[in-house]
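Reader: I would like to learn how to read the helices, loops and contacts of a model like this one. Could you take me through some features, giving the general idea and then the case here?

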Amino acid sequence: MAEEDKFTYEEKSVENEKELEKADASYTGSNIQVLEGLEAVRKRPGMYIATTAAAGLHHLVWEIVDNSIDEALAGFCKNIEVTINKGNSITVKDDGRGVPVDIVAKSGLSGVETVFTVLHAGGKFGEGGGYKVSGGLHGVGASVVNALSTWMDVTVYKDGGEYRIRFENGGHPTGRLTRVGNSDRHGTTVTFQPDETIFTETTVYDYETIKNHMRQMAFLNGGIKIVLTDDRGETPVTETFYYEGGIKEYVSYINTNKITINQNVIFCRGAQDVTLADGVTTERIYAEIALQWTDSYSGDGVYSFCNNISTKEGGTHVEGLNLALNRIINDYARSAKIMKEDDPNLSTDDCREGLTCVVSVKHPNPQYEGQTKTKLGNSEVRKIVSSIVGEGLRTFLMENPNDGKAIVEKIRLAYKARDAARAAREKIRKNSLELTTLPGKLADCSSKDPSVCELYIVEGNSAGGSAKNGRDRETQAILPLRGKILNVEKAREERIWANAEIGNMITAIGGGIRENFDVSKIRYHKIVIMTDADVDGDHIRVLLLTFFYRFMRPLLDGGYVYIAQPPLYKIDYKGSAYYAYNDAQLEVLKKQLNLKEGYPFQRYKGLGEMDAQQLWETTMDPTVRKMIRITVDDAAQAEKAFTDLMGDDVAPRREFITENAQFVKNLDI
């Protein structure tokens with residue numbers, strides 16, 4: 001989550017602005033700027049880590065850890081230690097082979113200095129490389145982290161020696177790699193301090209974010225032990241992640257508080273050699289797939305990875321899974337006489353309802369669609385995964401007839417429910433995509449440019465009225481909600497499609513639903529949830545986020561969903577109004593205004609207490625408002641969170657409340 005940037009408006013004439021944007025008419029060699037070494041990274045860090053906000057800060061850790069994971073994939077590393085040090089520097093230590101210390105012919109530098117200072121340098125480039133498969137494709141990870149750090153220390157244990165080198169001020173070595181002693185250890189230790197002039201938003205690492213990522217890496221690489229330590233507090237916090245069962249345990253973890261159909265996780269594993277188009281080159285591709293059905297109604301429980309990189313948009317490995325599911329489930333249902341020969345086939349959507357599945361492939365030469373590595377494009381992977389899943393799933397169903405029958409009955413129930421809901425669902429889909437009629441409760445904005453349009457989903461008619469009167473009618477649309485929407489985590493589809501509030505949201509947003517959702521067709525690029533700062537408001541927010549996660553997931557993946565932050569307090573002082581958004585700000589405000597003890601202030605209990613002008617000034621004016629942007633970095637962790645908080649099992653909710661009750665202040669009930 002990141003707070004939306006504040007911005008101001010400045011009026012200029014169009015003609016003057018176009019003049020200012022014109023480049024120098026003379027375009028000669030003197031206009032060409034050559035950035036030496038790591039200057040390019042510091043000049044344009046967003047090209048290498050996407051953002052210099054909190055996500056980019058944590059990405060530095062992933063890059064160094066990925067190098068250790070690649071050593072594990074190569075079969076040379078069993079233990080990885082990640083430490084958040086005091087001052088928010090990071091140490092990553094592994095027991096791999098150690099970065100090469102001898103001289104690299106092309107660079108004239110030691111292997112260590114080459115890897116940490118030269119872009120696109122590393123052992124991950126095909127024939128003769130040091131890795132069969134790796135997460136880092138371009139050899140830029142270590143050098144980018146170095147470039148964006150105030151300092152970095154690298155220690156290598158290799159060939160009986162201990163070697164050290166230090167870099168400062170964005171990757172400049174303070175000396176050459178030096179052997180400082182003898183050692184019978186092997187591996188690499190990297191410590192770096194992120195540069196606060198680059199990461200201006202924050203240089204403070206979030207323990208939970210790193211913990212979730214390390215857990216995922218341990219699941220995806222069974223048998224690798226990852227120890228995470230946070231040394232910033234008075235007492236160090238240490239957690240160890242080790243899963244011998246790998247992705248089988250990952251599926252069990254995701255399904256912790258779900259009712260499972262097949263008690264044992266189905267595990268399919270295999271490898272195939274593939275000859276490429278040149279007829280000469282042969283590559284060996286590995287695939288692991290773990291599956292378990294639950295009584296959930298969700299169809300979004302497939303998590304795919306290639307070389308440990310999350311492929312959020314799926315790709316050919318997921319297509320292979322879908323082919324196998326459809327083929328094997330229908331064949332088994334008929335051979336086991338659960339379905340008649342002339343019964344219609346169960347669809348892939350039916351087969352995936354309630355399914356939790358992790359697909360992990362290891363490929364020496366992965367090809368991704370687009371720049372974000374979120375969709376695998378290698379065509380040969382489709383057939384390989386389909387074959388491996390097909391063989392493994394068929395064997396499991398034949399050897400476990402009770403589980404097989406339960407799985408097919410679950411899928412047939414999904415088919416019947418889907419068929420019953422089809423008419424209502426198709427009606428909503430047509431309304432949302434064709435936009436023939438918009439909800440009567442929607443106060444739409446006049447602009448038709450989605451990039452500037454905002455939809456405020458507001459709790460209650462009273463607040464909705466204030467929002468309608470106080471908004472910018474050009475760009476801000478208002479959709480009031482009548483009470484709490486349906487909990488889609490528990491409800492069957494026919495109830496969901498019959499719910500008026502959900503139907504209004506789907507139609508207003510305009511992108512469709514589930515597999516038919518098209519983010520390019522949404523009518524607003526900011527979907528803002530605006531609810532009261534009390535228990536009911538929190539509940540409504542979670543209900544809405546659950547709905548978006550289950551039915552409009554690309555909204556969250558694309559960062560289109562926001563939480564409005566209305567103020568909690570108002571102080572009237574000498575004819576002016578002052579607002580505070582939390583207790584700490586209230587105390588600061590009292591000191592700034594030099595208020596005496598007991599000076600009166602107002603605490604808002606709901607948005608309905610604000611008139612239109614106040615709501616605009618505090619919560620909706622783009623020049624001063626504060627909003628939280630919702631993102632989903634770890635889909636599996638989000639899946640577990642929504643199940644724990646919104647599912648049928650009460651125990652995880654009770655545990656969550658018990659653990660977090662101490663942090664609650666000013667509870668409104």
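Author: Gladly, and let us begin in a loop: Asn594 lies between α18 (583-592) and β24 (602-603). Please keep in mind that this is a predicted model.

Reader: Is Asn594 buried or exposed?

Author: Asn594 is exposed, because its relative accessible area is 65%, and exposed means over 50%.

Reader: And what should I look for in the backbone of a loop residue?

Author: The general idea concerns the sign of phi. Most residues other than glycine have a negative phi. Now the case here: Asn594 is not a glycine, yet its phi is positive, at about 55 degrees.

Reader: Where does Lys337 lie, and what is its phi?

Author: Lys337 sits in the loop that joins α9 (316-335) to α10 (348-352). Its phi is near 65 degrees, a positive value in a residue other than glycine. Lys337 is exposed, with a relative accessible area of 70%.

Reader: Let me step back for a moment. How many helices and strands does the protein have?

Author: The protein has 21 helices and 25 strands. Of its 669 residues, 50% are buried. Among contacts with a separation of 6 or more, 69% join residues 24 or more positions apart.

Reader: Now the helices, please. How do I read the packing of two of them?

Author: Two packed helices are described by the angle between their axes and the distance between the axes. Take α15 and α16: their axes are 12 Å apart and the packing angle is about 55 degrees. The two helices are therefore oblique to each other.

Reader: What is the handedness of the crossing of α15 and α16?

Author: That crossing is right-handed.

Reader: Which residues of α15 and α16 meet?

Author: From α15 come Ile502, Met505, Ile506 and Ile509, and from α16 come Leu544, Phe547 and Phe548. By class, this contact has 7 nonpolar residues, with no polar and no charged ones.

Reader: Is there a general idea behind the spacing of residues along a helix?

Author: Yes. An α-helix has 3.6 residues a turn, so residues three or four places apart point the same way. You can hold that idea against the residues of α15 in the contact, Ile502, Met505, Ile506 and Ile509.

Reader: Which other pair of helices would you show me?

Author: I would pick α13 (residues 461-470) and α19 (residues 612-620), whose axes come within 8 Å and cross at roughly 80 degrees. They are therefore roughly perpendicular to each other. On the α13 side the contact uses Ala463, Ser466, Ala467, Asn469 and Gly470, while α19 brings Ala612, Leu615, Trp616 and Met620. This contact has 6 nonpolar, 3 polar and no charged residues.

Reader: Let us return to α16. How many of its residues are buried?

Author: Of the 17 residues of α16, 12 are buried, and the helix is mostly covered. Among the buried ones are Leu544, Phe547 and Phe548, which also take part in the contact with α15. Arg541 and Arg550 are on the buried list too. As for its span, α16 (residues 535-551) reaches 24 Å from its first C-alpha to its last, close to the 24 Å expected at 1.5 Å a residue.

Reader: What does the span of α11 look like?

Author: Helix α11 (residues 379-399) has 21 residues and reaches 31 Å, close to the expected 30 Å. Its buried residues include Glu380, Val381, Ile384, Val385, Ile388 and Val389.

Reader: Finally, how do I read single residues in their surroundings?

Author: Look at the accessibility, then at what lies around the residue in space. Ser68 is in helix α4 (residues 54-73) and counts as buried, because its relative accessibility is 2%. Leaving aside residues up to four places away in sequence, Ser68 touches Cys77, Ile80, Val92 and Asp94.

Reader: Which residue can I use to compare sequence and space?

Author: Try Gly503 in helix α15 (residues 500-509). At 12% relative accessibility, Gly503 counts as buried. Gly503 and Pro439 are 64 residues apart in sequence, with 8.6 Å between their C-alpha atoms. For a loop case, take Thr311, between β16 (309-310) and α9. Thr311 counts as buried at 2% relative accessibility. Its C-alpha is separated by 9.7 Å from that of Ser360, 49 residues apart along the chain.

Methods: Residues are numbered from 1 along each chain as its sequence is written. This is a predicted model: local features need pLDDT of at least 70, side-chain atom pairs count only at pLDDT 80 or more; totals for chains, interfaces and linings use all residues. Side-chain values use heavy atoms; hydrogens and water are left out. Axes are lines fitted to C-alpha atoms, for helices over the stretch in contact, and angles run from 0 to 180 degrees between N-to-C directions. Helices (H or I, at least four residues) and strands (E, at least two) are DSSP runs, numbered from the N terminus. Angles under 35 degrees count as roughly parallel, over 145 as roughly antiparallel, 65 to 115 as roughly perpendicular and the rest as oblique. Contact means heavy atoms within 4.5 Å. Ala, Val, Leu, Ile, Met, Phe, Trp, Tyr, Cys and Pro count as nonpolar, Asp, Glu, Lys and Arg as charged, and the others, Gly among them, as polar. The expected span of a helix is 1.5 Å times one less than its number of residues. Buried means under 20% relative accessible area, exposed over 50%, partly exposed in between (1.4 Å probe, protein chains only). A crossing is left-handed if the near helix is turned anticlockwise from the far one by less than a right angle, and right-handed if clockwise.
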